[in-house]
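Thanks for coming, everyone. Let me put the structure up, and then we will walk through it.

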There are 2 protein chains.
Amino acid sequence: MPDVLDRRTRRKLATHRALAHAARQLVMERGLADVTTEEIADAAGVSPRTFFNYFSCKEEAIVGVDPSVLTALAEEVEARPADESPVRAISAVLVAVNDLPDTASRWMVRTELMRRHPELVPRHMAGLVQLEAALTGAVARRLGVDPNVDPFPALVVATAVAALRSTMEWWHDNGRPTPLTDALGGAFETLDAGMAQRPTT
Amino acid sequence: MPDVLDRRTRRKLATHRALAHAARQLVMERGLADVTTEEIADAAGVSPRTFFNYFSCKEEAIVGVDPSVLTALAEEVEARPADESPVRAISAVLVAVNDLPDTASRWMVRTELMRRHPELVPRHMAGLVQLEAALTGAVARRLGVDPNVDPFPALVVATAVAALRSTMEWWHDNGRPTPLTDALGGAFETLDAGMAQRPTT
DNA sequence: ACGCGAAATTGCAGTCTCCGCAACTTTGCG
DNA sequence: CGCAAAGTTGCGGAGACTGCAATTTCGCGT
């Protein structure tokens with residue numbers, strides 16, 4: 001795992017981010033339909049053709065997830081104490097990450113974008129599927145099982161990510177009442193302890 | 001709820017299904033990239049333009065969910081005994097539905113299509129989001145709460161649908177080992193009882 | 001410092017998606 | 001029968017996306 005990258009790859013990452021940033025920026029300002037891939041490329045200082053060397057479509061540039069974030073999260077989950085239950089490990093990482101105001105605001109931008117432009121929902125969900133894949137690998141390694149054979153890692157992760165999404169959306173739509181950390185913590189707690197714990201209010 | 005529809009709407013539904021069916025058929029035979037919306041329209045006996053009166057894009061015709069299925073499922077969930085926990089109510093309905101060989105095979109076709117053509121994943125997930133919306137309404141009514149204020153209905157449903165998806169994919173990828181019903185039942189049971197019930201192995 | 005080869009960017013041409021609009025056809029209904 | 005609403009269709013066009021081949025950039029060994 002080389003932490004230092006040569007100039008070439010650094011440039012590549014920079015362009016990737018520049019494009020993604022320009023895409024979000026422009027769509028926030030002018031709306032999804034009124035932004036073309038060409039304009040995004042322009043704003044990032046590359047040719048229109050190059051845009052498609054980085055993203056397979058406009059939506060991916062807007063709500064796609066940064067691959068480096070995926071691997072980072074997976075590593076953090078794997079590094080949690082071995083005696084933690086899978087849900088708690090995931091919970092710890094995701095709650096911690098949403099405590100960084102920077103990351104938290106990114107998530108909020110995503111959610112906001114999605115609410116304003118429902119056409120982004122499909123690609124947004126695809127991003128979460130990628131997140132699931134990364135976390136499933138990490139959880140499987142923690143448990144020492146093969147994720148292709150044992151359905152448990154994928155099940156835990158899928159439900160945990162669903163809880164994350166559900167909570168973020170609720171929090172967003174309700175004007176961010178409580179600290180996000182609390183809301184997330186509660187949701188994961190419920191998941192770990194079982195949905196049956198609350199049969200009626 | 002008029003169970004009898006006039007000819008106009010019946011025709012509309014028929015066209016909708018004809019297009020969806022043709023889309024799946026053709027993509028199964030020739031692959032996603034080698035099928036155009038024009039060909040799908042042709043196969044369904046309507047003009048190319050009409051295709052877009054029914055679907056917003058090619059992918060939606062292929063893996064989109066039939067709205068009537070959504071309302072049907074929601075009604076069934078709402079009709080389950082009031083003392084059942086939300087997860088059990090959803091579980092009962094989804095397990096029962098997957099016992100009808102017809103419905104089960106439809107689901108499998110969806111999953112198969114998705115595995116063969118990852119480009120379909122985003123839209124497939126969007127379909128599940130619609131399912132969630134429908135079920136969330138039903139669960140909220142069962143519990144007598146406002147789903148926009150109380151995060152619980154959305155949380156239960158999101159995790160339950162995630163469990164459904166995760167299980168179906170596992171079952172599909174592993175050559176359908178056990179009866180699907182059993183696999184689904186187990187997953188929902190785990191969800192209801194809490195993920196912590198299986199900390200290791 | 002030089003230059004070779006790999007990697008990345010770019011332009012171009014073309015296909016297909018998708019949408020607004022306006023004309024036309026069908027259908028329910030009085 | 002005839003009108004109004006609903007649905008279909010064709011047309012034109014903007015823009016998404018791709019394969020290909022030319023060109024530029026950059027890492028690296030000598």
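How are α5(B) and α6(B) oriented to each other? Hold that thought for a moment.

Some ground rules. This is a predicted model: local features need pLDDT of at least 70, side-chain atom pairs count only at pLDDT 80 or more, and totals for chains, interfaces and linings use all residues. Residues are numbered from 1 along each chain as its sequence is written, while chains are lettered from A and ligands numbered from 1 in the order in which they are written. Helices (H or I, at least four residues) and strands (E, at least two) are DSSP runs, numbered from the N terminus.

Back to the question. Two packed helices are described by the angle between their axes and the distance between the axes. Axes are lines fitted to C-alpha atoms, for helices over the stretch in contact, and angles run from 0 to 180 degrees between N-to-C directions. In chain B, helix α5 (residues 67–79) and helix α6 (residues 86–97) pack at about 130°, with axes 9 Å apart. Therefore α5(B) and α6(B) are oblique to each other. On the scale used, angles under 35 degrees are roughly parallel, over 145 roughly antiparallel, 65 to 115 roughly perpendicular, and the rest oblique. The crossing of α5(B) and α6(B) is right-handed. For handedness, the near helix is turned from the far one by less than a right angle: anticlockwise is left-handed, clockwise is right-handed.

Who touches whom? From α5(B) come B:L73, B:E76 and B:V77; from α6(B) come B:A89, B:I90 and B:V93. Contact here means C-beta atoms, placed from the backbone, within 7 Å. That contact of α5(B) with α6(B) has five nonpolar residues, no polar and one charged. The classes: Ala, Val, Leu, Ile, Met, Phe, Trp, Tyr, Cys and Pro are nonpolar; Asp, Glu, Lys and Arg are charged; the others, Gly among them, are polar.

Next pair, also in chain B. Helix α8 (residues 121–143) packs on α9(B) at about 135°, axes 8 Å apart. That makes α8(B) oblique to α9(B). Their crossing is right-handed. Among the residues that α8(B) brings are B:L128, B:L131 and B:E132; they meet α9(B) residues including B:P153, B:V161 and B:R165. By class, this contact of α8(B) with α9(B) has twelve nonpolar residues, one polar and two charged.

Now across the chains. How many residues of chain A are in contact with chain B? The count is 37, against 37 residues of chain B. On the chain A side, α6, α8, α9 and α10 (180–193) each give two or more residues. α9(A) gives the most, with 13 residues. That side of chain A divides into 23 nonpolar, nine polar and five charged residues.

So look at the two α9 helices. Helix α9 (residues 152–173) of chain A and its counterpart in chain B pack at about 150°, axes 8 Å apart. They are therefore roughly antiparallel to each other. The crossing of α9(A) and α9(B) is right-handed. A:L155, A:R165 and A:W170 are among the α9(A) residues here, and B:L155, B:R165 and B:W170 are among those of α9(B). The residues of this contact divide into twelve nonpolar, four polar and two charged.

Symmetry next. A rotation of 180° with 0.0 Å of shift along its axis superposes chain A on chain B, with RMSD 0.1 Å. The fit is by least squares on C-alpha atoms of residues with pLDDT of at least 70 in both copies. The two copies are thus related as by a two-fold rotation axis. In chain A, A:G194 has the C-alpha nearest the axis, 1.6 Å from it.

Last, the DNA. Strand D is surrounded by 19 residues; A:R7, A:C57, B:V46, B:S47 and B:T50 are the closest. Near means a C-beta atom, placed from the backbone, within 6 Å. Around strand C there are 19 residues too, and A:V46, A:S47, A:T50, B:R7 and B:C57 come nearest. The surface near strand C has three nonpolar, seven polar and nine charged residues.

Methods: Contact = placed C-beta atoms within 7 Å.
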